[in-house]
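Hi,

Here is the structure I promised to pass on. Have a look at it first, and then read my notes below.

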Amino acid sequence: MKYIGNTGDLIDWNSVISTLEGQPPAHTGPDNSLEHPEGIVGFQEIRDKWDAAGIKTVKEGGTNNWEMYLPGLNFDKSVVDNFCNYVNADVTFAWISNIHPGCMSHWHWDTSGKEDMYDLVPNMVRYCCFINRPEFGHVFMTEETAFSYSPQGDVWQWPDRKLWHGGVNFGLSEKYMFHFIGPSR
Amino acid sequence: MTKFVGNTNTIIDWDHVINVIKDLSPGYVGPRHSKDDDIVGIREMSMLWDKAGFKLLKDGGTAGWDMFFPDTHFDRNIVTLFAKFVNVEPIDCWISRIHPGNMTPWHWDCNDKEDEYSKLKTSRFTCHISKPQVGHITMVEDKCFYFQEQGNVWEWPARTSWHGGINCGLEPKYLFNFFGIVK
């Protein structure tokens, strides 16, 4: 993971979060994927790992659950435009995730039904941005690195769009995070 | 501030300890106390958990952890070796286990002997006894522990430090917990 910088002066993340609060998400993971797993490259492998470990979704009485908010639908597209200019990349897909207290996005990589298309995009880059103020119990992790108490607005570039990762919230408030993939300019 | 003490892998075979307890029934599933108990700090903690929406394992939720104890579940000699390593006279110790998908939300170790303990000069330690694994997180105040080398020992800022743990990995997460009187 490569540290890029901080967007706190560029984007008012508190305001963005305020617009999301109380809105229904566009998608709920992994429920949407579980409903239509066909055509999602790699999802079965993830699901097998979850099943072997006894992981359950919130619907099933477990903790595996996250919400996805989309630009244009849930928050202003200008946020993405500003971010594009900051990282010097065009957007293919961007979203804000939210994990409720007591929930987690279990170990996975970002499978989608568009892998064939994404694989053809040259110079695809993946970023995440910590948009909450630092809070106890908000942790994002990749294979060997955990991010906690990250400053609001911090941006990190991933080594690979398909990196395995997870996020947890055993804190006391909602955990929001901005995600971005697209070709570098 | 949390302080790295050292690694116990050469003096304690943690894989063996885990192997001994992994199929045993725990002493109990935490948390042992509820907000109605007359325990210092328990009401404040319960209110925080309720407000955030945590649900206990016994109520069908995922906030809960297994507790294992010396003599009952593992050899007392482990405690003796550890106490010597950290140079502290043991008061209490246990091994906690968090299953994948479960957690110990933000808390401090409320107990029914707080009046007695608070008069003592104590040190509190944790030892990461599982092999490093994805998804195993422990937090103590402002410090997050992840992918810790098996056997690593950390001293806490205080016995009463707020902390929590969570397992979004694929294997159970074991942690050795210890506090005692500073020699």
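**What I found**

Met68(A) stands opposite Ser97(A), a residue of β4(A). Keep in mind that this is a predicted model. The pairing behind that match is between β3(A) and β4(A), which run antiparallel over 3 bridges. β4(A) also pairs with β11(A), again in the antiparallel sense, this time over 7 bridges. There, Ile96(A) has Phe178(A) in β11(A) as its bridge partner.

How many of the 7 residues of β4(A) are buried? The count is 6, so the strand is largely enclosed by the rest of the structure.

Next, have a look at helix α1 of chain A, residues 13-20. Its buried residues are Trp13(A), Val16(A), Ile17(A) and Leu20(A). Why do they sit on the same side of α1(A)? Because they cover an arc of only 100° around the axis. As for what they pack against, the list is β3 (66-69), α4 (77-87), β4 (93-99), β6 (124-130) and β11 (175-183), in chain A. So β4(A), the largely enclosed strand, turns up here as well. After the helix comes Gly22(A), with a positive phi near 90°.

Now the nonpolar cores. The largest has 46 residues, and those touching the most other members are Val139(A), Met141(A), Val168(A), Phe170(A), Ile137(B), Met139(B) and Ile166(B). A second, separate core has 23 residues, including Ile11(A), Tyr69(A), Phe83(A) and Val87(A). As a general point, nonpolar side chains tend to be buried together in soluble globular proteins.

Ile166(B) deserves a look of its own. You'll find it in strand β10 of chain B, residues 163-167. Is Ile166(B) buried or exposed? Its relative accessible area is 0%, so it is buried. Leaving aside residues up to four places away in sequence, Ile166(B) touches residues that include Met104(A), Val168(A) and Phe170(A) in chain A, and Ile98(B), Met103(B) and Ile137(B) in chain B. Ile137(B) is 29 residues away from Ile166(B) along the chain, yet their C-alpha atoms are separated by 5.3 Å.

One last residue is Ser123(B), in strand β6 (residues 122-128) of chain B. Ser123(B) has 9% relative accessibility and therefore counts as buried. Which side chain does the side chain of Ser123(B) make a polar contact with? The partner is Glu155(B), at 3.1 Å. Beyond its neighbours up to four places away in sequence, Ser123(B) also touches Val88(B), Phe178(B), Phe179(B), Gly180(B) and Val182(B).

Cheers

Definitions and conventions:
Residues numbered from 1 in each chain as written. Chains lettered and ligands numbered in written order. Predicted model: local features only at pLDDT ≥ 70, side-chain atom pairs only at ≥ 80, totals over all residues. Heavy atoms only, no water. Buried < 20%, exposed > 50% of the residue type's maximum accessible area, 1.4 Å probe, protein only. Helix = DSSP H or I, 4+ residues; strand = E, 2+ residues; numbered from the N terminus. Arc of directions from axis to C-beta. Contact = heavy atoms within 4.5 Å. Pairing = 2+ DSSP bridges. Core = buried A, V, L, I, M, F, W, Y, C linked by side-chain atoms within 4.5 Å. Polar contact = N/O pair within 3.5 Å; in protein donor to acceptor, adjacent residues only side chain to side chain.
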